[in-house]
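Hi,

Here is the structure I said I would pass on. Have a look at it first, and then read my notes underneath.

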Amino acid sequence: MRYRKLGRTGLTVSQIGYGAWGLGQGAWVGADDDSGVRALHRALDLGVTFIDTARAYDRSERVVGRALREHPGAGDNVHVATKVGPKVPVSLTPSGLDPMAAFPGSHLRESLETSLRELGRDHVDLLQLHTWEDEWTGRGDWLETVDALKQEGKIRFFGISVKDHQPENVLTVLQTGVLDTVQVIYNIFEQSPSDALLPACEEHGVGVIGRVALDEGALTGSIRAGVTFPESDWRNWYFRDDRPAQVEKHVDALLADLGIGIEELPSTALRFALAGQAVSTVIVGMRSLANVERNAAVADAPPLTDKELSVLSRHRWPKNFYS
C-alpha cells in the first residue's frame, strides 16, 4: 500500500480507502455484519487506513465500529470519516432551503453523537456534510458548531461531500478556508472535477476524497446488457432500462482505445482516479475478500502513463444515472 497526505490536515492516509456504504445492508443487498467485518479486516491487513461511512448508511457505522474493536492492529493510524445528512430532504436540484433548515448546528451535534455511539469511539477524524449548496456559504450556525466540536475533541477535521455530478457546487465555500477536505465523484466517465474543483483544492491545500471511481460497477466491466441484480438492490434503479447497454457501449470503446482486456479495467479506473490533481485517497466499496485484495493491489501497480491518461481524457461521458 502507498500513502498520501490528506491535504493540509497532516494526516497520512492510504491511497485506496474503504467506502463503507455497502456494509450497511440497506441499498446494497447481500451483505451481513460478519462478512462486512471480515472484508474490512482484510483491508486493514493490506494497509488500508482510511474508512468512510455515514449516518445514512443503515448499519454501516455499527459494522465499522465492531470491525475496528475486533482488529488488533486498528490503532491511531486508522482514520475514520463519517457524514451527517441534512435534517430535511435536499434535492439534487437547487432546493431554495435555508441552511438552518438543512444543517442547523444542533442537528450536526446530535448526528455526530449518534455516530460516535454506533462507532464506539470518542471522536472521528473527519466529519463531512452529506450534501451542500454553495449559496449556504456564510449562512446558518453550522460552522460555529463545527468549530465547537473541534475544540471539544469530537472531530479533528471537517469537509463536504459534494452533490452528485456537481463539483462546481462547492467552489465558493472552498475559497473561505473552512474546508479540510472535499469528497467528489471522480472517474473516467465523470472527469468534470478536473476543470475547476481539483485545481482549487490543490491551491487551498484541501484534500480530495475521490468517490465512485468504479462508477457503481460500470467501470469493472460487469455491467452489460441483460445484467440483473437481487430484488430490492438499488442498482436495479440505477441501471434501469437501457442503461446497461449504454455502459457496455462506452466500456467497449474505452477498452478498444486503450488496447486492454476487460480484466484490466478496474485497475485502470482506480489508477485514473488516483492520478487526479490533489486526490489524497480513493474510497472503494469492497464487500468481498476478492474485491478487497484486487483493489488494494492497485496501490502497487505503476501509475498510468501520460499517453494512457491522454487516451482516457477522450472518454468523458456526461451522464447522471442518479437523476
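I'll start with a spot that is easy to skip: the second largest pocket is lined by Arg2, Arg4, Gln15, Arg271, Leu274, Ala275, Val298, Ala299, Ala301, Pro302, Pro303 and Leu304. Sorted by class, that lining has eight nonpolar residues, one polar and three charged. The space in this second largest pocket comes to about 160 Å³. Bear in mind throughout that this is a predicted model.

Now for the largest pocket, whose volume is about 1300 Å³. Its lining takes in 47 residues, and the closest to the centre are Trp21, Trp28, Glu216, Trp234 and Tyr322. By class, the lining of the largest pocket splits into 22 nonpolar, 15 polar and ten charged residues. If you want to find it from the secondary structure, try α8 (235–238), β10 (279–285) and α11 (289–296), each of which supplies at least two residues of that lining.

On to the fold. Eight strands form a closed barrel with parallel pairing, in the order β3-β4-β5-β6-β7-β8-β9-β10. On average, neighbouring strands of this sheet are turned by 30° against each other, direction ignored. Helix α5 (residues 142–151) packs on the sheet, where it touches β6 (124–129) and β7 (155–161). The direction of α5 makes about 150° with that of β7.

For a closer look at one pair of strands, take β4 (residues 50–52) and β5 (residues 79–84), which pair in the parallel sense over three bridges. Which residue of β5 is the bridge partner of phenylalanine 50? That would be histidine 79.

Last, the annotation. UniProt lists residues 16–312 as "domain: NADP-dependent oxidoreductase", and the entry is unreviewed. In the model, that span is 37% helix and 14% strand. The C-alpha atoms at the two ends of residues 16–312 lie 20 Å apart.

When you open the file, I'd go to the barrel and its β3 to β10 strand order, then to the largest pocket with Trp21, Trp28, Glu216, Trp234 and Tyr322 closest to its centre.

Cheers

Conventions
Residues numbered from 1 in each chain as written. Predicted model: local features only at pLDDT ≥ 70, side-chain atom pairs only at ≥ 80, totals over all residues. Heavy atoms only, no water. UniProt positions renumbered as here; feature names shortened; annotations may be inferred. Helix = DSSP H or I, 4+ residues; strand = E, 2+ residues; numbered from the N terminus. 1 Å grid on protein atoms, 1.4 Å probe; cavity = no way out; pocket = protein on both sides within 12 Å on 5 of 7 lines; lining within 4 Å. Points joined across faces, edges and corners; volume = space filled by probe spheres on them. Nonpolar A, V, L, I, M, F, W, Y, C, P; charged D, E, K, R; others polar. Pairing = 2+ DSSP bridges. Axes fitted to C-alpha atoms, helices over the stretch in contact; angles between N-to-C directions. Contact = heavy atoms within 4.5 Å.
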